[in-house]
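Here is a short report for a reader who is meeting this structure for the first time. Please look at the chains before reading on.

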Amino acid sequence: MSDDILFDLRGISKKFVKGNDTITVFENLDMSIARGDFLAIMGPSGSGKTTLLNMLGGVDQPTSGEVVFDGKRVDTLSENQLAAWRANNVGFIFQFYNLMPMLNAERNVELPLLLTRLGRGQRKKNVAAALELVSLSDRAKHMPKELSGGQQQRVAIARALVSDPKLLLCDEPTGDLDRQTADEILEMLTLLNRDYGKTIIMVTHDPEAAKYAKRTVHLDKGEFVAKELAA
Amino acid sequence: MRGFFSQIWTVVVMNVLSLPRRLWMSLAAIFAVSVVVAVLLAFLAMAKGFEQTLAGTGTDRIAIITRTGSQSELNSSMSRDTVNLVATAPGIARDAGGDPVYSAELYVIVDGIKRSNQLKANIPMRGISPRGFGLREQLEIVEGRQFEPGRNEIVVGEGVLRQFEGFELGREIRFGKTNWEVVGVFSTGGSAFESELWADAPTVQSQFQRGSSFQTVRLRLETPGDVQPILEFVENDPQLILDVETEADFFANQGRALTGIAIFGWILSVVMGLGALAGALNTMYTSVAARAREIATLRAIGFSNISAFMGTLAESLLLSVLGGLAGAIAAWLFFDGFSASTLGASFTQVVFTFELTPELFRDGIVLAVAIGLIGGLFPAWRAARVPVVTAFQGGE
Amino acid sequence: MKDVYLILKNLTRKPLRLFLTVFATFIAFMIFGTLTAFQQAFDAGVDLAADDRLVVVNKINFTQTLPIAYVNRVRAVEDVVAVTHLNWFGGYYQEPRAQFAMFAVDAENFLTVYDELVITDAERAAWIANRQGLIAGKSIAESFGWQAGERIPVNSNIFSQRDGRTDWDFDVVAIYEGADPQTDTNSVYFHYEYFNETQSFGGDFIGFMGVRTTDPERNEAVIAAIDDLFANSPAETETVPEKAFNKAFIEQIGNLSLILTSVVLAAFFVILVIVGNSMILSIRERTREIGVMKTLGFTSGRIFRMVLVESLLIALIGGMLGVAAAGLMVSLVNQAPIQLPVLVLGGSVWTQALLYVAVLGFITGIVPAMNALRLNIITALSRS
């Protein structure tokens, strides 16, 4: 196995049972994601792109097949092991930001650090650095409802970054934002990929957003469609 | 482990901070628990107040002698001869002159008008001698003076004054054909004696056609708590059909009369507690539903499901403990020290005050915690099982 | 109601919540039903008291005695139909704690004055003929396991026989029942002659008298006549209607009805808050659907009614189940071997419960129903 491979999906199948029907989302899917990649996954709704993202994030388990992250299998981990794995390796960015409404920006960003052994001083430093990176140092004390959508998403990005994970998983990160704000967010992701070496996987249905990625795969009915778009 | 606890702590704090968003549901749960606790404590304080009033009445330095099986002073009766005979028993303390320290007393019932409902109720009138005054602890004439032997004069207990009309100092009271004058008010530190009227024993004998008979004898024990010598004396004389008990035991038995009220209070508040539990469960399930996306997001970030469980449980406990405290404080404000009277063992009104002791307070909080614990457990279980994918689903 | 199907679907959409709110309502109505049965039993002594019956007691207090000679003098008073006299015996059976109400009476007049105690003519004759006979109420006989024909010893905690014994032997001649289900059957009656001749206390005194008058209208005149008769004698009397006497007696224990009413109110208040909140919440969750229904052409009034009917249904289901459970509790209490008045969960409790169901359903439904009524389609649909 090459050192350059961060994620390796081998023969993944995913099936749901719904009433008397079995719905097959994927059948025997293979996929490799290189370290430092910025991958956009596109596809119509129901194509399985969100399920794929969930499996990459250890939120959902494949029915069969292996998910190998950094040389280790993650599909066999228990729920709490997965939680710990996510805490160390994955940062999530959601379509609706999912900030805790009762915590201010700074406290929201700090959350993942509470799962580490870092002391209070160090946590404060890291939070400040993450907010700095998303240019929101001046909004540190603001509550989510006092921030615009774009600002909230930047706080969410800072939260995803703060524990320095290798991987950022983004689920329609610009789905709830206007064009200009979306572009700002996407430029930020590009920067994180380019200058900080974060591997980014982004599910989107917006071709404009996909343009920011290094490569784009198209998913349709659980299969990759060979259609590479220019970056 | 530090991470484990700080995780839980973080989630607990976030849960608590999010309470204002579910203000009304949370207040409903708090309110329900507080009413249940207040109801419980009202009943317990009533039973406890009655028990303590009577427990405070008796002492083990004094023995009380009644006719066998009479169970109360009212039902007992004994002749002058019996009294004289008992007074010769060993085990009775003696005064400086070498005479046994005892008091033969009468116990008759008269009517009084209760302030609370303007209806007649039974008040005990005790025929007593100056020697009998010496057998009451903490006795104090707080107003006026002692009655004079041979005259139709009475001193009234503070409890009577509080609950009944027309016994103020200087008032004339008519019992049947005879008039009596209130010449003093006495206090015995809150004991049941304060629910009584006291008058000169021979005067009561003649005015109530009691001849030379008495009803009970009180005597000071040589050794506190030791009634054995007197008991043996009584048993060895077939003429004496008497019960001998320390005053402490005598009143402790009578104090149990309201134990049924305490049990009734428990049953009632546990049943009401089931209703409050339904409310708490409703609130907590709603809370878990409202926080599902937050819980899932935290799980996605890497928080464990134990933290989600504990956070929910803590929220439920917090609400119920707040409710318990509110209920206990309300009970304390409204009921502690509340003066009431009820029929005691001698068919007479015993004036007592509700008492909310720390142990009752604790009982109330225990009930609240029980509601919070059960009301939180099932919703917490649901919180722990919120699927992480919920974080990816849209909608506010 | 064409909307019944929709209302039922709305009601059952969250079965757990429905269960919890119905359960809370159930509990409150169970408490209401049970305590009301208790309260009615306590009040029965007052409610069932005969209007044409008076009680004559010593003016000092009803525990003070009267001379037996008074009985004949009262009998001679105009408009008096019958007079009986009663002495409290202080009876207990085997255990001093097992006390019960036992009176020495003159049998013949007693059954005339207190005609709500039902025994057959044969039993009546047998009792009058048996000097050591007693009649016991159904409830007390059951709690001590007495059978008619049995010979039992009863102790007195007040009196003793001339030889010093405190126990008397009695023949249980009859077990009486009450004319009304709530008539007290916890008392025992025996012959005054037997009592007067055997006890050592000095004889020929009575506790109090029961007097039957020709007409309740004449009560006042009879009361005045009796009390005048004994004014300024060593034992003055006080004559009161039985209702007033029983009421004062019950009140001696304390203000039971205030306590019971407060508890019931507290229970109702709790569910009012719980159910009301839950209704508001469930309507808020349906904002979008209500908006959709309005666009489909459902009128605001119709939606208002649907919400109100829903909350009424919750109150109705919980309330009726609760009162039914109270009926069960009441029969359990009645079967328990304890000396309690007979509890009856009568039609009046059901009627009251229905009234409270209506009030509760209305109060808990009105706010969410108003919210639904006022809901603006555009805001309802834009609120995602």
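Chain B holds twelve helices and 13 strands. Its radius of gyration is 30 Å, well over the 21 Å that the globule rule gives for 396 residues, so chain B is more spread out than a compact globule. Along the principal axes, the C-alpha atoms of chain B fill a box of roughly 95 × 45 × 30 Å. Of the 396 residues in chain B, 56% are buried. Contacts in chain B often span long stretches of sequence: among those between residues at least 6 apart, 83% join residues at least 24 apart.

This is a predicted model. The predictor gives the complex an ipTM of 0.85 and a pTM of 0.85. For chain C, the average pLDDT is 90, and 98% of the residues score at least 70.

**Domains in chains B and C**

The domain assignment splits chain B in two. Domain 1 covers 2–55 + 257–392, and domain 2 covers 69–240. Chain C is also divided: domain 1 covers 4–45 + 255–382, and domain 2 covers 65–234. The table sets out the two domain pairs.

| Domain pair | Distance between C-alpha centres | Residues in contact, domain 1 side | Residues in contact, domain 2 side |
|---|---|---|---|
| Domain 1 and domain 2 of chain B | 48 Å | Eleven residues | 18 residues |
| Domain 1 and domain 2 of chain C | 48 Å | Nine residues | Eight residues |

What does domain 1 of chain B bring to its contact with domain 2? Three elements of chain B give two or more residues each to this side: helix H2 (23–55), strand S12 (339–343) and strand S13 (349–353). S13(B) gives the most, with three residues. By class, this side of domain 1 of chain B has five nonpolar, six polar and no charged residues.

In chain C, the side of domain 1 that touches domain 2 has seven nonpolar, two polar and no charged residues.

**Contacts between chains**

Two pairs of chains touch, and the most contacts are between chains B and C. Here 42 residues of chain C are in contact with 44 residues of chain B. On the chain C side, helix H2 (15–47), helix H9 (242–253) and helix H10 (256–285) each supply at least two residues. Which of the elements gives the largest share of that side? H10(C) does, with eleven residues. The side of chain C that touches chain B comprises 23 nonpolar, 15 polar and four charged residues.

Chain B also touches chain A: 23 residues of chain B are in contact with 25 residues of chain A. On the chain B side, the elements that give two or more residues are helix H1 (2–17) and helix H10 (292–301) of chain B. H1(B) provides the largest share, seven residues. Nine nonpolar, ten polar and four charged residues make up the side of chain B that touches chain A.

What of chains A and C? No contact joins chain A and chain C. Their closest C-alpha atoms lie 13 Å apart.

**Two residues with positive phi**

Most residues other than glycine have a negative phi. Two loop residues are worth a look against that background.

One is A:Asn98, whose phi is near 50°, a positive value. A:Asn98 is found in chain A, in the loop between strand S6 (90–93) and helix H3 (105–110). Is A:Asn98 buried or exposed? A:Asn98 has 25 C-beta neighbours inside 10 Å, so A:Asn98 counts as buried. The cut-off for a buried residue is 20 or more.

The other is C:Gln94, with a positive phi near 65°. C:Gln94 is found in the loop between strand S4 (91–92) and strand S5 (101–105) of chain C. C:Gln94 counts as exposed because 12 other C-beta atoms lie within 10 Å, and the cut-off for an exposed residue is 12 or fewer.

Notes
Residues numbered from 1 in each chain as written. Chains lettered and ligands numbered in written order. Predicted model: local features only at pLDDT ≥ 70, side-chain atom pairs only at ≥ 80, totals over all residues. Domains from an automatic or database assignment. Contact = placed C-beta atoms within 7 Å. Helix = DSSP H or I, 4+ residues; strand = E, 2+ residues; numbered from the N terminus. Nonpolar A, V, L, I, M, F, W, Y, C, P; charged D, E, K, R; others polar. pLDDT = per-residue confidence, 0-100. Rg over C-alpha atoms; globule rule 2.2 N^0.38 Å.
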